[in-house]
Structure formats: structure tokens, C-alpha cells
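Subject: Structure for you to look at

Hi,

Here is the structure I promised to pass on. Have a look at it first, and then read on for what turned up.

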Amino acid sequence: MSRIAIAGAGIIGAACATWLAGQGHKVTIYEPDPDGLPASAGNAALIALPEIAPLASPGVFKAVPGWLLDPLGPLTIRWPDLPALAPWLVAFLASATPGHGRRARAALAQLMQTALEDHRALLAIAGLDDYLQQSGYLALHDTPTSLASGLEEAEAVRKLLGHDYQRLDPAGARRLVPQLEGAFGGAVHLPGYWKVTNPLTVLRRYQAALRQRADFVTGKVVAIEQRSDGVAIRTAAGETALFDKIVVASGVWSRELVRGLGLRVLLETERGYNTTYSDLDWTLPMPLGFADHGFIASPLIDGLRVGGAVELAKPDTPANFGRAKAMRTKMRRYVPALPEGGKEWMGRRPSTPDSLPVIGTHPKDERIVFAFGHGHLGLTLSAVTARRVADLIAGKAPADNPFSLARFQR
Ligand SMILES: Cc1cc2nc3c(=O)[nH]c(=O)nc-3n(C[C@H](O)[C@H](O)[C@H](O)COP(=O)(O)OP(=O)(O)OC[C@H]3O[C@@H](n4cnc5c(N)ncnc54)[C@H](O)[C@@H]3O)c2cc1C
């Protein structure tokens, strides 16, 4: 068994640490902000098994210019951050080809095939109560064109992964979700979605279980040193510890550790905003997606969460909570009962330009494993990532790995 360090206790690091500790490895997990609320704490709670469409697609060339004109719309850029974001954006646009789209879908479908059963396995390893529930998902479309593209996507997913779907007119959608009093064109019902009770609860439970089975160190990893006798972690406090293997799972902050190793990566934040209501006397029977506006409303076990959208910005650029308000306002067009109030939050999706996570070893040093860049799907893919990381640690690397960091090296 190996001594393994994990940098980061978000859902990806926590899942990897759980899986590896379950296999009997001696695991040490480093987290600078154990009470923090990273992306893993405040997301929409969906186990989005049918979501395999990369963000970069030929359609973005038509849609993006219009979106960018609206600073509160589904996708925006914080313009002063443009120089820092430029290399990522160039690669993003270069990925928006049909060929890349097909490869990305096939790669994500591979992960989705076992994502749910891996969550069940992870639950069993951690000895946690079941937090999974099949919820389904209702995607609302304003126009016939939008509905047609939603149905086309659902059909493509059905062919690849077998998830059924159903086209609904507004009356049919209202039978499923009676709160939908406003106008819309139609809907696609996708029963293949699951959700967790509340992502913060799930994260804290994994972290608590890890405190029993691993060393949980409050500390920021600032450097990884490749030595002949092992790989060493150096923390911001100046401490150094030696391990056999290291897993980098620090969300968007992984990029500093990767660059410190002399490697290249394109990793930026697609920031999302949401509002969580914990005091409503009603909730939605299933998650709702506002397909033309890039956000969703998700019922948690203890509240209702409304949010999403994408803001490309540097991680530390101040938040613009006007975006959370804009989504609440838009939602009222469909669900007029939504009140003001609620608690606002901003989270940083760690995103690659090709919408594929990085799950692979250092190209020249198999002792270092990377697990980050899960973008919109980190909760969904956390358990399958953990299983794959455990395989990499065991020396079982796939012959052809579409998630390798090698794709960024030139
Ligand atoms: C609005 C929104 C809604 C979303 N909805 C969904 C959804 O419904 N379903 C889904 O699957 N995904 C969803 N996501 C995406 C998902 O939340 C992320 O992909 C996922 O949380 C990323 O997890 P992570 O562990 O890689 O990163 P993070 O959650 O960012 O965690 C990284 C951790 O690493 C720590 N860290 C940072 N630097 C260091 C360092 N140097 N050393 C050690 N540790 C470090 C940080 O403190 C942090 O705790 C959503 C995201 C947002 C923003």
C-alpha cells in the first residue's frame, strides 16, 4: 500500500481520498479552507447522467455574440480579465468543431456509463447514508427552434446512453410541475437525471468520514517536488512531507501546481451564481432547466436553489451578484410564486476549453496524478473520477486516455 497525498478536499479530492483510503492506502488530504464553500458546496445537486454535450460546439459561433451583449445573460466575460482568459478562449473556439464535439461526447459518455454505480460504490466505501435520488429533469424551451434543438440533443443522448425522454406541451409540463404558471413553448422531460440531497451536506459527510480514515491537514499545497526517494508536498506554512504518490485535485487552483511542475494546462473558471431559499412553504417536484437562459432551479432536501449561467473571469475578480438577481427575475416569468430573498452564492467551475476533465498521470512521472477540470459536471463525475484515479495509482493506465494532461503539452 502507498502513502498518498491529495491536494484539495472539494468533491473530487474527497472522492479520490475516500476511494484510496478504502483500498487501504495511507492517505493524507490537504485543504487550506476546510470551512469554505467552493463549487463543490453550492452547486445545483444534479447527477446529470445525460449531459455529454461539450460547451464548445459549432452553435456557439451563432449564440455567443448575442449572449455577450447582455452582461447578465447566460454567458458573459468580465472584459478587464480578457487578456488573462485569451489563451483559454482561443482554445475554446478551436474546440467548437463537429469532430471535437463527437470525440468529447464519446469520452464523456464513457464516464457517464459507470458514474451512478461508482457513486453507489463510493457511498458504500465511506459508509454513508444514501444521498442519491432519481429526480428526472424538465428542460423548458421558449421557442419551437429551441425545443427542436433540445429534442435533437435528447435523441443523440438516447442513442449513445439509452436515456429515454419525452416531448411535452406546456399543459403536459404543468401536469409535472404545477408551479409553471408563466408562458413557454414546450418542454423535454428527461427521467435519467438523479440528484443528491444537498451538495454541501454530501461534501461535509465525506470530509467527516475522511477525518476518521485519513490524515486531514489544514494547509495549502504550494509546491510538489519530484525526488528520487518519493514525491514531496510543500505547504504554505513551509512544511514538507514525503509520499509515494500525489493526487492534484485542487479545482481551478490545480493550475498553479501543474505549472509549478513545468507543465502546461488551460484551466479557467466558469463562474456560476445562485440563490438558495430555505424558508419557502413550497418546492418544485423536480429540477427545472431554463434552456434558453442557461440556468436551473433545483429542489434540495432543505430548500430550493436557483442559478447557474457562466461568467468567464479570473478566480479572484469580485463577484457580481446582479447575475443571481437576474436569474431570479427571469425565473418569475415561468414561476411567478418565486419571492425575493434567499441567500446568494458564487462558485468557480474549474473548466478546460474542451469540456473534458483532466484525469491522468504526469506525462513523465506516474507518481503524480491529476484530477481536476470537471467544469459543469464535477459532482456527477466525482465517483467515477475517484475509481479512475485509483486505477492510475495502481498502475492501470488506459491505453488511450482522452482525459490526459498530455493534450495541453506542445
Ligand atoms: C452554479 C454551479 C452549479 C453547478 N451544478 C452542478 C451540478 O448540478 N452537477 C454537477 O455535477 N456539477 C455541478 N457544478 C460543477 C461542480 O460543482 C464542480 O465541477 C465541482 O464542484 C468541482 O470540484 P473540485 O473538487 O474539482 O473543485 P472545488 O470544489 O473548487 O474544490 C477544490 C478544493 O481545493 C482546495 N484548494 C485550492 N488550492 C489548494 C491548494 N493549493 N492545496 C490544497 N487544496 C487546495 C480548495 O480550497 C477547494 O476546497 C456546478 C457548479 C456551479 C458553480
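Which element gives the largest share of the shell around the ligand? That is E19, with 4 residues. Before going further, please keep in mind that this is a predicted model.

**The ligand site**

There are 42 residues around the ligand, and those that come nearest are Gly8, Gly10, Gly251, Gly272 and Gly378. Two or more residues of the shell come from each of helix H1 (11–22), strand E2 (26–31), helix H2 (39–42), strand E15 (268–277), strand E18 (303–313) and strand E19 (343–351). By class, the shell around the ligand holds 19 nonpolar, 18 polar and 5 charged residues. Both domain 1 and domain 2 take part, each with at least three residues in the shell.

**The two domains**

The domain assignment splits the chain into domain 1 (3–40 + 201–264 + 355–408) and domain 2 (47–114 + 129–196 + 267–351). Their centres, taken over C-alpha atoms, are separated by 27 Å. Where they meet, 22 residues of domain 1 are in contact with 24 residues of domain 2. The domain 1 side of this contact is made up of 13 nonpolar, 8 polar and 1 charged residues.

**The six-stranded sheet**

You will find an open sheet of 6 strands with mixed pairing, in the order E10-E2-E1-E14-E21-E20. E10 (215–218) and E20 are its edge strands, and each of them pairs on one side only. On average, neighbouring strands here are turned by 20° against each other, direction ignored.

Here is how some of the strands pair:

- E1 (residues 3–7) runs parallel to E14, with 4 bridges between them; Ala7 has Val248 in E14 as its bridge partner.
- E14 (residues 245–248) and E21 (residues 365–372) are also paired in the parallel sense, over 3 bridges; Val247 is matched with Val369 in E21.
- E20 (residues 358–362) is antiparallel to E21 and joined to it by 5 bridges; Thr361 has Val369 in E21 as its bridge partner.

Val369 is thus a handy residue to click on: Val247 has it as a bridge partner, and Thr361 does too. E20 and E21 form a hairpin, with 2 residues between them.

**The three-stranded sheet**

Another open sheet has 3 strands in the order E11-E12-E13, with antiparallel pairing. E11 (221–227) and E13 (240–243) each have a single partner strand, so one side of each is left without a neighbour in the sheet. From one strand to the next, the twist averages 25°. E12 (residues 230–235) and E13 run antiparallel and are joined by 4 bridges, with Ala232 standing opposite Leu242 in E13.

**A helix crossing**

How do H5 and H11 lie relative to each other, roughly parallel or roughly perpendicular? The axes of H5 (residues 98–126) and H11 (residues 382–393) come within 7 Å and cross at roughly 90°, and the two helices are therefore roughly perpendicular to each other. H5 brings Leu111, Thr114, Ala115, Asp118, His119, Ala121 and Leu122 to the contact, while H11 brings Ala383, Val384, Ala386 and Arg387. Counted by class, that contact has 7 nonpolar, 2 polar and 2 charged residues.

Happy to go through any of this with you.

Best wishes

Technical notes:
Residues numbered from 1 in each chain as written. Predicted model: local features only at pLDDT ≥ 70, side-chain atom pairs only at ≥ 80, totals over all residues. Near = placed C-beta within 6 Å. Nonpolar A, V, L, I, M, F, W, Y, C, P; charged D, E, K, R; others polar. Domains from an automatic or database assignment. Pairing = 2+ DSSP bridges. Axes fitted to C-alpha atoms, helices over the stretch in contact; angles between N-to-C directions. Parallel < 35°, antiparallel > 145°, perpendicular 65-115°, else oblique. Contact = placed C-beta atoms within 7 Å.
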